[in-house]
Amino acid sequence: MNDILQKIQEIGIVPVIALDDAKDAEPLGAALSKGGLLCAEITFRTAAAEESIKIISKKFPHLLVGAGTVLTIEQVDKAVAAGAQFVVSPGFNPRIVAYCVKNNILMIPGCSSPSDIELALEQGINVVKFFPAEQSGGLEYIKAIAAPYVGVKFMATGGINPQNVKDYLAYNRIAACGGSWMVKSDLINHGKFDEIATLSKEAVEIVKNSRA
């Protein structure tokens, strides 16, 4: 496990963020920092993603910043140029994965079946995103699918919340969970950054208690 993956595992919860306006990137980075949740996955679901990654990477170098919902090689290049330290995709696109591996870009591809996992292993990837987690069978499905692949760890994302994240994190094959409850778009769009900081702090405590 490389250094960035190790950091993701130590942090435990990766905030999955959709920013509609890059002006919110700096106060969001400040809120995550205040809450001690030192990671941000900025999704390419909005046009503000690239600029937001650039702002957070520059203003908050202590934050581990990644790009999510990466669907094209062009987005990979934009994300990395903006400062993203890792990229995440919802599914397994062999062309994008091969491009990232070739260029030493940390890629966490979406894998929700044994076939996906074997494609990832073939590329030397042993930490994958399980998405959408709850809708695809949840923790019990992950435990079943993990059994034949002893060296693989999962970042569970989709339907993760403060109530179920504890169970996921308690399982030693979960590297981390992706979640958006502490960074919901309505909180960001209404400038409720103090609330984001509070929810982020609570998320950090959940990780500590889950792995104690």
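**A parallel sheet and the pocket beside its strands**

Gly 66 of β3 faces Phe 86 across the pairing with β4. Here, strands pair if DSSP finds at least two bridges between them, and the elements themselves are DSSP runs numbered from the N terminus, with helices (H or I) of at least four residues and strands (E) of at least two. β3 and β4 (residues 86–88) run parallel and are joined by 2 bridges. On the way from β3 to β4 the chain passes through helix α4 (residues 73–82), in a β-α-β crossover that is right-handed. That label applies if, with the strands pointing away from the viewer, the path from the first strand over the helix to the second runs clockwise.

A word on the model: it is predicted, with local features needing pLDDT of at least 70 and side-chain atom pairs counting only at pLDDT 80 or more, while totals for chains, interfaces and linings use all residues. Residues are numbered from 1 along each chain as its sequence is written, and side-chain values use heavy atoms, leaving out hydrogens and water.

Zooming out, 8 strands make up an open sheet with parallel pairing, in the order β5-β4-β3-β2-β1-β8-β7-β6. At its edges sit β5 (107–108) and β6 (127–130), each pairing on one side only.

Back at β3 (residues 64–68), the pairing with β2 is also in the parallel sense, over 5 bridges. Glu 41 stands opposite Gly 66, and Thr 43 has Gly 68 as its bridge partner. Between β2 and β3 the chain goes through helix α3 (residues 49–59), again in a right-handed β-α-β crossover. β3 is mostly covered, with 5 of its 5 residues buried (under 20% relative accessible area with a 1.4 Å probe, protein chains only; over 50% is exposed and in between is partly exposed). In a regular strand the side chains alternate between the two faces of the sheet. In β3, Leu 64, Gly 66 and Gly 68 point one way and Val 65 and Ala 67 the other, and all are buried.

Strand β8 (residues 174–179) tells a similar story: 6 of its 6 residues are buried, so β8 is largely enclosed by the rest of the structure. β8 pairs in the parallel sense with β1 (residues 13–17) over 3 bridges, where Pro 15 stands opposite Gly 179. With β7 (residues 153–157) the pairing is parallel too, over 4 bridges, and Ala 156 stands opposite Cys 177. The chain gets from β7 to β8 through helix α8 (residues 165–170), in a right-handed β-α-β crossover.

The largest pocket holds about 270 Å³ of space. A pocket here is an open set of points on a 1 Å grid over the protein atoms alone, where a 1.4 Å probe fits, with protein on both sides within 12 Å along at least five of seven lines; lining residues have an atom within 4 Å of a point. The volume is the space filled by probe spheres set on the points, which are joined across faces, edges and corners. Of the 20 lining residues, Val 16, Arg 45, Thr 157, Gly 179 and Ser 180 are the closest to the pocket's centre. β1, β2 (39–43) and β8 each give two or more residues to the lining.

Lys 129 belongs to edge strand β6 and is buried, at 6% relative accessible area. Lys 129 also lies over the face of Phe 131, 4.7 Å from the ring centre (NZ of Lys or CZ of Arg must be within 6 Å of the centre and within 35 degrees of the ring normal).
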